[in-house]
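Reader: I would like to learn how to read a structure of this kind, one feature at a time. Could we go through it together slowly?

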Amino acid sequence: MTVLRKNLIDGEWLGEAGSRNINPSNTNDVVGEYASAGPEEAKQAIAAAKAAFPAWSRSGPLARHAVLKKTSDEIMARKDEIGRSLAREEGKTLAEGVGETIRAAQLFDFFAGETLRLSGELVPSVRPGVGVEMTREGVGVVGIITPWNFPIAIPAWKIAPALAYGNTIVFKPAELVPESAWTIVDILHRAGLPKGVLNLVMGKGSVVGQAMLDSPDVNAISFTGSVGTGKRVAAASVEHMRKFQLEMGGKNPLVVLDDADLAVAVDCAINGAYFSTGQRCTASSRLIVTEGIHDRFVDAVKERLDKLVIGDALDAKTQIGPVVDQTQLKQDEDYIAIGRQEGAELAFGGDRLEREAPGFYLRPALFLGSTNAMRISREEIFGPVANVIRVKDYDEALAVANDTPFGLTSGICTTSLKHATHFKRNSEAGMVMVNLPTAGVDFHVPFGGRKGSSYGPREQGRYAMEFYTTVKTAYTFAG
């Protein structure tokens, strides 16, 4: 029997079946049916969040701590079950699904702690007898819009700080991954959140998302997704003078210098470019390699690619799962065709694969002989596709790495302290990795980029406070 998951609006589970969730590893497998909210349901959710804000924003830290800690504990206790469900609906491997679920638990645990670390400042005024107090308060109703590639971690790193700092939420997850979203909301709801504090509105972005953008009662929006939609969020938010935070695309470089440890460089490239089926905004899709190591690096990468196990995400032996759906598969194939038309050499993969069950399987693709001017080097593909750009030396590698409209993350593989230090300072990215994959970040430190990748305050860690709070300065004259 197919499960029906409903929306949560003002503390009540509401709605009728509107969409089906399909397993990308086996398209015959229906994960569940999910309610699809319309404009009226979205308005009800916003109204509920607005009504709940005064009480929640003034609740004590122990009340917020209890909810977030309970949520963290349950997610961790159910990590295998939730991770399996995540892998089933999104297509990332079972190990990655469990790992992402653990990350969500860690995020809720961190922000549970933050509720007990809230602080302000008390300073003397320049005027005698006057005291000055600076405090932070929640901004109000926060709209949260999340993508499909990290269906529990990204909602966690937005919802947890929003609640910790006293905001109420209208949450619209990606249509492709409603089960993970519903699970996290169900856990929070049962952990004791008052009605209206967290509202789940599953449905189409053009309907639910637009209702959020159009509402003057949404005080802030945190969005992760495409550049095009991010620009729409920005334009609509300026109209209402609301805070907005955008995490969008990336075209991240991994520089490999002649002095690099070859094994480390290959590990970084394979992990960063192809794990999670390349469906990460932090994926290293541009491999910028100096001449002296180029041929050895390419041969070693091709050898590793040939050994990767590509299959059903729920199979413990699988290293690369399927692409998330037919639309993304077509986009990947279109870009592979574009790369060949532009004159790059498809040196490995790029073809569809058949497995025991029907699914969206694509052999990881590697291009050689590409230039940084090609579309495959400029535009985010968001699939298991990477291209190698041969350069002369470190200076050229740095210039090519920075020559992009994006600036999320970058990496360098080198044993030179001089080049590593210079790269960390001069790479035009929000996050820089040395001898590590470009994908893979800690939960207690800021996440975000520059240029066309990000806008607004950073996510995660204590830096999340900058977006989810507003500063109040109060003056008191004692008389």
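**Salt bridges and burial**

Author: Let us begin with a single residue: E466, at 41% relative accessibility, counts as partly exposed, where buried means under 20% relative accessible area, exposed over 50%, and partly exposed in between, with a 1.4 Å probe and protein chains only. Before going on, note that this is a predicted model, in which local features need pLDDT of at least 70 and side-chain atom pairs count only at pLDDT 80 or more, while totals for chains, interfaces and linings use all residues. Residues are numbered from 1 along each chain as its sequence is written, and side-chain values use heavy atoms, with hydrogens and water left out.

Reader: With which residue does E466 form a salt bridge?

Author: A salt bridge is a side-chain nitrogen of Lys or Arg within 4 Å of a carboxyl oxygen of Asp or Glu. Here E466 is joined in this way to R136, and the closest N and O atoms are 3.1 Å apart. Because E466 lies in helix α15 and R136 in strand β7 (residues 130-138), the pair ties together parts that are 330 residues apart in sequence; helices (H or I, at least four residues) and strands (E, at least two) are DSSP runs, numbered from the N terminus. R136 is partly exposed as well, with a relative accessible area of 30%.

Reader: How far apart in sequence are the parts that E114 and R462 tie together?

Author: The closest N and O atoms of E114 and R462 are 3.0 Å apart, in a salt bridge. E114 belongs to helix α4 (residues 94-115), whereas R462 sits in the loop between β22 (454-455) and α15 (465-468), so this pair ties together parts 348 residues apart in sequence. The two partners have their own exposure values: E114 is buried at 1% relative accessibility, while R462, at 44%, is partly exposed.

Reader: How many salt bridges does a search of the whole structure find, and which residues are linked in a network of them?

Author: The search of the whole structure finds 28 salt bridges, and a network of them links E74, R78, E81, D186 and R190. Within that network, the side chains of E81 and R78 meet at 2.8 Å, N to O. Both can be placed on the exposure scale, E81 being partly exposed with a relative accessible area of 46% and R78 partly exposed with 21%.

**Strands and their partners**

Reader: How should I read a strand such as β14, and is it buried or exposed?

Author: In a regular strand the side chains alternate between the two faces of the sheet. In β14, R286, I288 and T290 point one way and L287 and V289 the other way, and all are buried. Since five of the five residues of β14 (residues 286-290) are buried, the strand is largely enclosed by the rest of the structure.

Reader: Which strands pair with β14?

Author: Strands of a sheet pair through backbone hydrogen bonds, either parallel or antiparallel; two strands are said to pair here if DSSP finds at least two bridges between them. Strand β13 (residues 253-256) pairs with β14 in the parallel sense over four bridges, with P253 standing opposite R286. Between these two strands the chain crosses through helix α9 (residues 262-274), and this β-α-β crossover is right-handed, which means that, with the strands pointing away from the viewer, the path from the first strand over the helix to the second runs clockwise. Strand β17 (residues 385-391) also pairs with β14 in the parallel sense, over five bridges, and V388 in β17 is the bridge partner of L287.

Reader: What is the order of the strands in the open sheet of three strands?

Author: The order is β1-β5-β4, with mixed pairing. Its edge strands, each pairing on one side only, are β1 (4-5) and β4 (17-23). β1 and β5 (residues 26-35) pair in the parallel sense over two bridges, and L4 stands opposite E33 in β5.

**A last pair of positions**

Reader: Where is G203 found, and is G203 buried or exposed?

Author: G203 is in the loop between β10 (198-200) and α7, and at 8% relative accessibility G203 counts as buried. The C-alpha atoms of G203 and S285 are separated by 31 Å, and these residues are 82 residues apart along the chain.
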